[in-house]
Amino acid sequence: MEETTQNISDSTMNHPLLKSEVKKPSMNKYALAYAMIASIASLLLGYNIGVMSGAQIFIKDDLGMSDTQIEILTGIINLYSLAGSLTAGWTLDKIGRRKTLGLTAIIYFVGPLITCVSSNYAFLMIGRFITGIAIGYTAIAPVYIAEVSPVSMRGFLTSVPEMAVNSGILLAYVSNFAFANLPVHLSWRVMFALGLVPPVVLGFGVLVMPESPRWLVMKGQIGKAREVLTRISNTREEAETQLVEIKETVGIPKDSTGGVVSVPKHHHNKSVWKELILKPNPAVRRILITVLALQFFQQGSGIDTVVLYSPRVFEKAGMRSNSYLLGATVVVGIAKTILILIAMIFSDRVGRRILLLSSTAGMAVSLVILGLGLQTVDNNLTNDSTWLVVACIIAVLTYVSFFSIGIGPLCMAYSSEILPLKLRAQGVALGMAMNRVVCGVVTMTFISLYEAISIAGSFYMYAGIAGSGCVFVYFCLPETKGRSLEDIEVLFEKKEKEKEGQGKEIMGEEIAV
């Protein structure tokens, strides 16, 4: 068994694409540019979720809404996003990654436009519903970026969307702070109106972006795929090697060298969903469980309670001034954004696995400390609350920092890497659906939850989920650093074969005994 494992390791490390690690190629400017443009969709996700953190204060005063209405309005956008998530996979495969990004830009413009001109609760819900559809479609960004990234840069580039999400959240916090002194009926409308600019930029950016080479091969457009791969790869040899691997994955013979070739027919609704959900093989089942579990642990650990309700958390800790509350929230946004650079820089050096382990463990510890601080305030165990406010702010900053160095940026990046090409669009869409559902449940129940079990008890619960995530990563996630997308498919198949081989050996020993 050890010899088999060694042979697998040797064959993997001798893969031609892995030799690029030694050369340490320079940054590919085309791949970087395409990743930056695609990530505008992620920036919009962050902005349209984060803007409610401060806007809800003024919406409540302007339209006379209750806490329950605000709680629903804030969190239900994540459930609305299911409409986008569950149709995004079909759209990605039908019209392509590039056109889907263009469609996402249009929806992101219409939703906030309706929101900022709304005069009542019903119109606000319509605007948030349309925006939610766009959020569901944002799953396209990590899929597109993973498919246009060179092997040596994929860890860095697939972290760009999470950096964009957090930049959007930070921009939302800054807009909350900047427009807070406007008249109540204008302040929140201007906050939403600011979100109309990035969709226009994304719409024009899509015009200069190429289609994903992997989607092009799936459609038999080998010539165009070769052109894109040559542009985004470090060498022509790497481009040709990747093209051969993609053709093999799709089922196109290696000797098919024409510009346009025939592709084996796959019935989308029958074959893809059957392979992914109804009758998956062991490797696909393991991949799907990994994708869904990662999305659950990312959101189930309560990150959006800090993103959306940090002013309430700091108020519970003893902070009273609105300016200080919003200012402290901006600091949280800055920390959450800047720390993603660690994941971007080190995911291709130390690997995804180490960063995910450090992230989930650090989050669990930080949440326990935050819970202890808030519990001390609730129990009135001290008269001097200044040090508790500081301790809670530090705990929150530490929590979002650990989130940002690992599970924040790497959750969707890892999911996009491990899903097979044929199942990637639908698999990422399912992961996005899980992400948004859990996020919606967490944000829509946070106020009710902390009123039922205390705010400290809420964060203890989130700490338990983060700790469980650490255990899951340790036992279930293989390292993907330095491997091509096609090689990662083989990695999961080999892991399942190793398990089957170990099972047969154990059975043989039992029979012999």
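1. Helices here are DSSP runs of H or I with at least four residues, numbered from the N terminus, and in this predicted model the chain comprises 27 helices and zero strands. Of its 513 residues, 58% count as buried, and among the contacts with a separation of 6 or more, residues 24 or more positions apart account for 84%.

2. Glu486 belongs to helix H27, which covers residues 485-512. Its relative accessible area is 6%, and because buried means under 20%, Glu486 falls in the buried class. Once the neighbours within four places in sequence are set aside, the residues in contact with Glu486 are Arg214, Glu245, Ile246 and Thr249. Leu419, which lies 67 residues from Glu486 in sequence, has its C-alpha atom 9.4 Å from that of Glu486.

3. Turning to internal space, a general remark may help: rolling a probe the size of a water molecule over the atoms shows where empty space is left. In this model the count comes to three cavities of 30 Å³ or more, and the largest cavity holds about 330 Å³ of space.

4. Which residues lie nearest the centre of the largest cavity? They are Leu45, Glu162, Val165, Gln298 and Arg436, out of a lining of 27 residues. By class, the lining divides into 15 nonpolar, eight polar and four charged residues, a division that a colleague looking at the cavity may wish to keep in view alongside the residues at its centre.

5. Several helices contribute to this lining, and those that each supply at least two residues are H4 (40-50), H11 (160-178), H18 (282-300), H19 (303-317), H24 (407-418) and H25 (421-453). The largest share, five residues, comes from H24.

6. Helix H11 can be checked against the expected geometry of a helix: at 1.5 Å a residue, its 19 residues should span 27 Å, and the end C-alpha atoms of H11 are 26 Å apart, so the two values agree. H11 is also mostly covered, since 14 of its 19 residues are buried.

7. On the cysteines, the structure holds zero disulfides. Are Cys411 and Cys470 buried or exposed? Cys411 has a relative accessible area of 0% and is therefore buried, and Cys470, at 18% relative accessibility, also counts as buried because its value is under the 20% cut-off.

How values were computed
Residues are numbered from 1 along each chain as its sequence is written. This is a predicted model: local features need pLDDT of at least 70, side-chain atom pairs count only at pLDDT 80 or more; totals for chains, interfaces and linings use all residues. Side-chain values use heavy atoms; hydrogens and water are left out. Buried means under 20% relative accessible area, exposed over 50%, partly exposed in between (1.4 Å probe, protein chains only). Contact means heavy atoms within 4.5 Å. On a 1 Å grid over the protein atoms alone, a cavity is a set of points where a 1.4 Å probe fits but cannot get out, and a pocket is an open set with protein on both sides within 12 Å along at least five of seven lines; lining residues have an atom within 4 Å of a point. Grid points are joined across faces, edges and corners, and a volume is the space filled by probe spheres set on the points. Ala, Val, Leu, Ile, Met, Phe, Trp, Tyr, Cys and Pro count as nonpolar, Asp, Glu, Lys and Arg as charged, and the others, Gly among them, as polar. The expected span of a helix is 1.5 Å times one less than its number of residues. A disulfide is a pair of cysteine sulfur atoms within 2.5 Å.
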